[in-house]
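Biologist: Could you take one part of this chain and walk me through it closely? I'd like to hear how the helices there pack and which residues do the touching.

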Amino acid sequence: MKFTVLTFGCQMNVHDSDWLIRAMESRGWTAVDESEANIFVINTCSVRDKPEQKVYSVLGRLAPLCKNTGDFVAVGGCVAQQIGDGFLEKFPHVRLVFGSDGIAQAPAALEDLAQNHEKRLVLNDFLSEYPEREGGEVLPNTDLLPPGIGTIPGQAFVNIMQGCDNFCAYCIVPYTRGRQKSRSSEAIINECKSLVKAGIREITLLGQNVNSFGIDKKGKDLSFAELLYKISDINGLERIRFTTSHPKDIAPEVVRAFGELHNLCPSLHLPVQSGSDNILKKMGRKYDRTRYLQIVDDLRKACPDIALTTDLIVGFPGETDEDFEQTMDIMERVRYESSFSFKYSDRPGVAAVKMQPKVSEDVAQSRLARLQERQKSITRESLDDLVEREMVILLERPSRRQPSGGISWRGKDMGGRVVNVYFAGYTDEKTLGGKMVKVKIIEAKNHSLIGAKVGEPW
Ligand code: 5AD
Ligand code: SF4
């Protein structure tokens, strides 16, 4: 069967889609472009209103493409979990709906529906344990990396937990991803080991709130810090990252790990959401600005070079001008290297829907514009500070702009910054993906750096 997977949303979704593609290919299906596909899988996101609207427009676009018997659409991910069989009622070309825990059964269901054209199915039950997935694993000792983990050469993502128990007042995730479920540390460590054997150099551990890993196992498995130390010990693993962290759950041992583990990347995404104690309280974040700034201080003491990034929401119900100034102030104090910032939007069923007064669209828009403008300069200034520095880059793919007389590749440094590197005289670009190269930074752009090669890639 020819199929395609369209992915929206976070890294967990990207990773889920990668796994699904591998699992279907191992069953003999072929991943193709949308124009050639018979079966379309949409992996959806509902964290904000806009990504959800996108699903409906994609479903409209795909309807005329499902023209032959046997062509159909499967909707997976958070919007699938939220809307459930509503998709089957509204869209005749949708025949499979699978939510967060249903993905483990999606490959078998897709095969079943491809053969039984009358069937339609919803897999939306939450499970009480982390659902291990069969098929689509990386085979150890292979020179040729299987497709899927080849999306970024040398890098892979590993799920360590699913779901969230925090119920922040604005957030739909606990409803769409369900309660927190940690994966067994043994399964995680085994997966990491086989990835490293297959040539992976950088692993990103994924979960909605990785810092509370293991809490649901009530002490019967490792803590997140213990897991980090074990993974760091895997021979040949050069870089470890993890995302996402809730500030209230970051343990002192994890902060210490940034100073102790040679392969733990000095970068951390630490969503603050707001700089105002009043708003943080209403959001139910369970930390205040003093505590957050203390964590930032501790992180910088353990690892002075750590690159911090964050998520921010403006226009949360009841946010006053003074509250917003507190958010601007925390940006100045932390000086995030970059941030994702959003206007608050009501999500169905979350506590903030009932909170008043709502902030007008105009006010939220102008706060967002001011915040993003300031971030732009801070980002630029922090990149400027890196000119002349030497650093090691893990190469990902050719740069968008190619110079004459050589090639340019883009990769990331340990801090997660994008660096473009020029290779004079190189023509065979394929050999560079997944290699590391030492560079000296010669120029800073708005969102990236330019490095000059120092020595040969390895
Ligand atoms: N409105 C705006 N932004 C939101 N986020 C989550 N829920 C909402 C919402 N209702 C943002 C948060 C979170 C990021 C993934 O999306 O900043 O960290
Ligand atoms: Fe949403 Fe809060 Fe859970 Fe993050 S910690 S997924 S923001 S409820």
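Modeller: The domain assignment splits the chain into domain 1 (2–123), domain 2 (137–265), domain 3 (269–385) and domain 4 (390–453). Keep in mind that this is a predicted model. Between the centres of domain 1 and domain 4, taken over C-alpha atoms, there are 36 Å.

Now for the close-up, which centres on helix H9, residues 252–260. One partner is helix H8 (residues 224–232), whose axis lies 9 Å from that of H9, at an angle of about 20°. Angles under 35 degrees count as roughly parallel, so that's what we call H8 and H9. The crossing of this pair is left-handed. On the H8 side, the contact uses Phe 224, Ala 225, Leu 228 and Tyr 229, and these meet Glu 253, Val 254, Arg 256, Ala 257 and Glu 260 of H9. Sort those residues by type and you get 6 nonpolar, no polar and 3 charged.

The other partner to look at is helix H11, residues 289–302. Its axis and that of H9 come within 8 Å, crossing at roughly 25°, and H9 and H11 are therefore roughly parallel too. Here, though, the crossing is right-handed. H9 brings Val 255, Phe 258 and Gly 259 to this contact, where they meet Asp 298, Leu 299 and Ala 302 of H11. That contact breaks down into 4 nonpolar residues, 1 polar and 1 charged.

Conventions
Residues are numbered from 1 along each chain as its sequence is written. Chains are lettered from A and ligands numbered from 1 in the order in which they are written. This is a predicted model: local features need pLDDT of at least 70, side-chain atom pairs count only at pLDDT 80 or more; totals for chains, interfaces and linings use all residues. Side-chain values use heavy atoms; hydrogens and water are left out. Domain bounds come from an automatic or database domain assignment. Axes are lines fitted to C-alpha atoms, for helices over the stretch in contact, and angles run from 0 to 180 degrees between N-to-C directions. Helices (H or I, at least four residues) and strands (E, at least two) are DSSP runs, numbered from the N terminus. Angles under 35 degrees count as roughly parallel, over 145 as roughly antiparallel, 65 to 115 as roughly perpendicular and the rest as oblique. A crossing is left-handed if the near helix is turned anticlockwise from the far one by less than a right angle, and right-handed if clockwise. Contact means heavy atoms within 4.5 Å. Ala, Val, Leu, Ile, Met, Phe, Trp, Tyr, Cys and Pro count as nonpolar, Asp, Glu, Lys and Arg as charged, and the others, Gly among them, as polar.
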